[in-house]
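Biologist: I have a two-chain model open and would like to talk through how it is put together. Could you take me through it, starting with the terms you use?

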Amino acid sequence: MSEAAMQGAADRDSALRSIIARPIAGGAVHTIIGPEPGQRGPWSCITDTPRPSQDMVGPPAAYLAVAAWAA
Amino acid sequence: MGVAYRGQIPLQDIRVDFQVEAVTGPDARGFGVRKTVTLHGPLSDTQQLRLRRAAEYCPVGQLFTKGAMALEDQVTGSAEGTAPAAVARMSRVLQPALHTPKSLPAGAVHGRYLAETKEYADNGVLQHEGEVKVYLTCENLTRTGPWTLLAGHSSEGWVPPPVPLAYAALAASTVTTLQQCVSPDAWPVAGFHVEMAPYGGGSRDQAQASAAAGTINTRRAVRRVVLHGAPSAGLVQGIEAALQHDPLSTSFRAGGVLLGEHIVGG
């Protein structure tokens, strides 16, 4: 294994979770973004999908990604 | 805005508008976007081209257009006394019913730069590019959104930076896809969650330098699906199969989301 590959494997193994997403009632998803060094946070967001029987409580997840692109 | 500052380009304001469309095709991407960037300021053609390239190669834009993500998937069980490897072996006996994820509703995303949030150091050097107010709306079966959020860079750090927000969207999309694709009967009673662990992404300055130079800066992350309890037989295999159907995973790995792009002067 090359030095670069070994470093990559070490980086991967030491990578800490900084984002957690979990399903919540009604099929929506609650996601928490942990802060990186020097940032505040954590930040929280809700995403959802269209359903005939209930309002969406947040945008679809792909829209959140497009919002990140816009920012 | 950061690239314009570093390149001494007189960009006074910028607006970004995306139209989101459902797209059918052989892959799992399932959607595409048309982007319009409106630049305000006395810009030459060359400066507009530089900003267009920067927009194309911005850290999040690279994910959508260039597939600049190396994503490693892990599925682990959290059942006490049950090693993940043993869980995986045990679970490859039967595969739960796999469904196709629902198509993405059409809609729009509008980004409006908040110029007053730009921050300078005492010596006049730009420290933080500031924040963006983003409006989102999509077709809904009950009523139309819309939603508003803030993102960007500021010393106060009240809003999430763009790249972590994109990772959060990927984690959320993964949960939604797993809910839609894997039969509810297959999940452990206590449920599951998804974790993202990015690594080796480089600094914001490095990312902006890549954007200015038009080079790809591959983002790397571990994505873990954590099962709360012992999974039913075949669940791990079913999850691995379902992950291949996630629209954002496919987009970030393969790019190709951009259906059209317009750069206009304001």
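Modeller: Before we discuss neighbours, contact here means heavy atoms within 4.5 Å. Please also keep in mind that this is a predicted model.

Biologist: Fine. Then which residues does E195(B) touch, leaving out those up to four places away in sequence?

Modeller: On the chain A side E195(B) touches R17(A), I19(A) and I20(A), and within its own chain it touches V222(B), R223(B), R224(B) and V226(B).

Biologist: Where is E195(B) found, and is it buried or exposed?

Modeller: E195(B) is found in strand 9 of chain B, which covers residues 192-199. With a relative accessible area of 8%, E195(B) is buried, because buried is taken to mean under 20%.

Biologist: What does its side chain make a polar contact with?

Modeller: The side chain of E195(B) makes a polar contact with the side chain of H193(B), at 2.9 Å.

Biologist: And how does strand 9 of chain B pair with strand 1 of chain A?

Modeller: The two strands pair in the antiparallel sense over three bridges, and within that pairing I20(A) has E195(B) as its bridge partner. Strand 1 of chain A, residues 19-23, is also joined by five bridges to strand 2 of chain A, residues 29-33, and these two run antiparallel. In that second pairing R22(A) stands opposite H30(A).

Biologist: What about the hairpin those two chain A strands form, which residue takes a positive phi there?

Modeller: That is G26(A), with a phi near 85°, in a hairpin that has five residues between the strands.

Biologist: Let me step back to chain A as a whole. How many helices and strands does it have?

Modeller: Chain A has two helices and three strands, and from the N terminus on they run α-β-β-β-α. Of its 71 residues, 45% count as buried. Among its contacts between residues at least 6 apart in sequence, 6% join residues at least 24 apart.

Biologist: How many residues of helix 2 of chain A are buried?

Modeller: Helix 2 of chain A is mostly covered, with 10 of its 10 residues buried, among them Y63(A), V66(A) and W69(A).

Biologist: At what angle does that helix pack with helix 5 of chain B?

Modeller: Helix 2 of chain A, residues 61-70, and helix 5 of chain B, residues 162-181, pack at about 170° with their axes 8 Å apart, which makes the pair roughly antiparallel. Chain A contributes A61(A), L64(A), A65(A) and A68(A), while the chain B side is made by P162(B), L165(B), A166(B), A169(B), A172(B) and S173(B). By class, the residues of this contact divide into nine nonpolar, one polar and no charged.

Biologist: Now the sheet in chain B. What is the strand order?

Modeller: There is an open sheet of six strands in the order 8-7-4-1-2-11, with mixed pairing. Strand 8 (147-153) and strand 11 (258-265) of chain B are the edge strands, each pairing on one side only, and the twist averages 15° from one strand to the next. Helix 2 of chain B, residues 45-56, packs on the sheet and touches strand 2 and strand 11 of chain B, its direction making about 145° with that of strand 2 of chain B.

Biologist: Is strand 8 of chain B enclosed or open to its surroundings?

Modeller: Five of the seven residues of strand 8 of chain B are buried, so the strand is largely enclosed by the rest of the structure. Strand 8 of chain B pairs with strand 7 of chain B in the antiparallel sense over seven bridges, in which L136(B) has W147(B) as its partner.

Biologist: And which strand pairs with strand 7 of chain B over eight bridges?

Modeller: That is strand 4 of chain B, residues 107-114, again in the antiparallel sense, and there A108(B) has T137(B) as its bridge partner.

Biologist: Last one: where does R29(B) lie, and what does its side chain reach?

Modeller: R29(B) lies in the loop between strand 1 and strand 2 of chain B and, at 15% relative accessibility, counts as buried. Its side chain reaches the backbone oxygen of G255(B) at 2.8 Å, and the residues R29(B) touches include P247(B), T250(B) and V257(B).

Conventions:
Residues are numbered from 1 along each chain as its sequence is written. Chains are lettered from A and ligands numbered from 1 in the order in which they are written. This is a predicted model: local features need pLDDT of at least 70, side-chain atom pairs count only at pLDDT 80 or more; totals for chains, interfaces and linings use all residues. Side-chain values use heavy atoms; hydrogens and water are left out. Helices (H or I, at least four residues) and strands (E, at least two) are DSSP runs, numbered from the N terminus. Buried means under 20% relative accessible area, exposed over 50%, partly exposed in between (1.4 Å probe, protein chains only). A polar contact is a pair of N or O atoms within 3.5 Å; within protein, one must be able to donate a hydrogen and the other to accept it, and residues adjacent in sequence count only if both atoms are side-chain atoms. Two strands pair if DSSP finds at least two bridges between them. Axes are lines fitted to C-alpha atoms, for helices over the stretch in contact, and angles run from 0 to 180 degrees between N-to-C directions. Angles under 35 degrees count as roughly parallel, over 145 as roughly antiparallel, 65 to 115 as roughly perpendicular and the rest as oblique. Ala, Val, Leu, Ile, Met, Phe, Trp, Tyr, Cys and Pro count as nonpolar, Asp, Glu, Lys and Arg as charged, and the others, Gly among them, as polar.
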